[in-house]
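User: I'm new to this structure and would like a close look at just one part of it. Could you pick a helix and take me through its surroundings?

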Amino acid sequence: MIPIIGIASCGFTEEKQFVSQPYIHAVENSGGFPVILPCTGYTPDPLSLQFCSGFLFCGGNDITPALMNEDPSPENGDTDWQTDSFHIKLMKTVLASGKPVLAICRGMQVLNIAMGGSIYQDASLYPRAHIGHMQRSRKRSDISHKVIFKKPSMLYNIFGNYAFTNSFHHQYIKRCAPHLPPSGHTSDQVIEALEADNHPFTIGVQWHPECMYDTSPEMRNLFARFIQAAAKQV
């Protein structure tokens, strides 16, 4: 059977909820069947989500600071309380299920917050010199910087010592959650990848592998490993 991958809705645009096509494309072409999980006023319980074999959390806007018990920075971007609170609650639910999770960009930050970590609301709050992490390339598939992976880690097994990635974020991981150690960073020590050490397959990446799916064999391999892990749940 084909593993069903629940993709958490990226958010709202006017009266519509959406998931960007590259996420659907990457899941489908890796052998999974994508199903969009809309933001609702309640969080599905694990039994209601039993039909899913894995879960994908996408990129998107900034996270509401109040959900982290913080006041907003002047540089904090657009937020949506309904989407943010739903994503955090949903993340906690799916982690408890033990099923594979792939969290991308904002999704990695949601993962870290849901497990008890924190983020810098803006790059200006990062306490050291840093490279540009918000690229302005013509194509989102273009590479921006190198990410160096720790050994041993699942991402090291997929990519080796490093990979060149794209980059579209101005919020950084601040404090890693318990059981969520970093497994990748850039030359300025900004954390670019997290992997749970108490979960069979939970990976967070700060870049957008779905946008590089058609141009990078390594990014296709990342999605393939995710779908393979999900297939074991079928």
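Analyst: Let's start with a word we'll need: a residue is buried under 20% relative accessible area, exposed over 50%, and partly exposed in between (1.4 Å probe, protein chains only). This is a predicted model, where local features need pLDDT of at least 70 and side-chain atom pairs pLDDT 80 or more, while totals for chains, interfaces and linings use all residues. Numbering runs from 1 along each chain as its sequence is written, and side-chain values use heavy atoms, without hydrogens or water.

The part I'd pick is helix α3, residues 106-114 (helices are DSSP runs of H or I, at least four residues; strands are runs of E, at least two; both are numbered from the N terminus). With 9 of its 9 residues buried, α3 is largely enclosed by the rest of the structure. Reading along the helix, you pass R106, G107, M108, Q109, V110, L111, N112, I113 and A114, and each is on the buried list. Just past the end of α3 comes G116, whose phi is positive, at about 110 degrees.

Now zoom in on N112, which sits in α3. Its relative accessibility is 0%, so N112 counts as buried. What does the N112 side chain reach? One partner is the backbone oxygen of S118, at 3.0 Å; another is the backbone oxygen of R175, at 3.1 Å. Both are polar contacts (N or O pairs within 3.5 Å, one able to donate a hydrogen and the other to accept it; sequence neighbours count only side chain to side chain). Setting aside residues up to four places away in sequence, N112 touches G117, S118 and I119, then I173, R175, C176, A177 and L180, and also L194 (contact: heavy atoms within 4.5 Å).

Back at the start of the helix, R106 has a charged partner. Its side chain meets that of D84 in a salt bridge, with N to O at 2.7 Å (the rule: Lys or Arg side-chain nitrogen within 4 Å of an Asp or Glu carboxyl oxygen). D84 belongs to helix α2 (residues 81-97) and R106 to α3, so the bridge ties together parts 22 residues apart in sequence. D84 and R106 are both buried, and the salt bridge count comes to 1.

How does the helix fit into the nonpolar packing? The largest nonpolar core (buried Ala, Val, Leu, Ile, Met, Phe, Trp, Tyr and Cys, joined through side-chain atoms within 4.5 Å) has 34 residues, and L56, L155 and F159 have the most contacts inside it. Two or more residues each come from β1 (4-8), α1 (21-29), β6 (101-104), β8, α4 (154-159), β13 (202-205) and α5 (217-231). The biggest share, 7 residues, is given by α5. There's also a second, separate core of 30 residues, and here V110 and A114 turn up, along with F57 and V101 among others.

For contrast, look at two loop residues. I143, in the loop between β7 (118-120) and β8 (145-149), is exposed, with a relative accessible area of 52%. T40 lies in the loop between β4 (33-37) and β5 (54-57) and is partly exposed at 25% relative accessibility. Apart from its neighbours within four places in sequence, T40 contacts Q82 and F86, and its side chain comes to 2.5 Å from the backbone oxygen of Y42.
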